Amino acid sequence: MRNKSVSESSLKELIKNKKALKIISIGLGILWILILTWIVSIPKYKLIFTLLTIAITTIIPILIFISQIDSEIKKRNSQNN
C-alpha cells in the first residue's frame, strides 16, 4: 500500500486500499474509545490528554490518505466518462 503513490496505483488498488484504510480507521476509533472509556472510569486519569493527542495523531494521517485516495478515484472516474 505504501510502496506506490496514489497516482501510480491502479483503480482497483485504490478501491482496495480505501476499504482497508476504512476498516483500520474504524478499528482504531473503537480501540481508542474503549481505552478512553477505561481511563475515565478510573478515579485518577492523569494521562487522558496525552492519550487524546496520540489518538488524534494516529487517526488524522489515515483520514488524510483516505481523502487523497477519494480525490484520485473521482479524478479517474471523471476522466473515464
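Lys-18 sits partly exposed, at a relative accessible area of 22%. This is a predicted model, and it holds 2 salt bridges. Lys-18 belongs to one of them, paired with Asp-70; the other brings together Glu-72 and Arg-76.

**The bridge between helices**
- The side chains of Lys-18 and Asp-70 come together at 2.7 Å, N to O.
- This pair ties together distant parts of the chain: Lys-18 is in helix H1, Asp-70 is in helix H2 (residues 48-80), and their positions lie 52 residues apart in the numbering.
- Asp-70 has a relative accessibility of 24%, so it counts as partly exposed, just as the 20% to 50% window requires.
- Lys-18, at 22%, falls in that window too.

**The bridge inside helix H2**
- Glu-72 and Arg-76 meet side chain to side chain at 3.0 Å, again N to O.
- Both residues lie in helix H2, 4 residues apart, which is about one turn of the helix.
- Glu-72 is buried because its relative accessible area, 11%, is under the 20% cut-off.
- Arg-76 is buried as well, with a relative accessible area of 15%.

**Val-40 and the span of helix H1**
- Val-40 is part of helix H1, which covers residues 11-41.
- With a relative accessible area of 45%, Val-40 is partly exposed.
- Where does Lys-12 stand relative to Val-40? The two are 28 residues apart along the chain, and their C-alpha atoms are separated by 42 Å.

Conventions
Residues are numbered from 1 along each chain as its sequence is written. This is a predicted model: local features need pLDDT of at least 70, side-chain atom pairs count only at pLDDT 80 or more; totals for chains, interfaces and linings use all residues. Side-chain values use heavy atoms; hydrogens and water are left out. Helices (H or I, at least four residues) and strands (E, at least two) are DSSP runs, numbered from the N terminus. Buried means under 20% relative accessible area, exposed over 50%, partly exposed in between (1.4 Å probe, protein chains only). A salt bridge is a side-chain nitrogen of Lys or Arg within 4 Å of a carboxyl oxygen of Asp or Glu.
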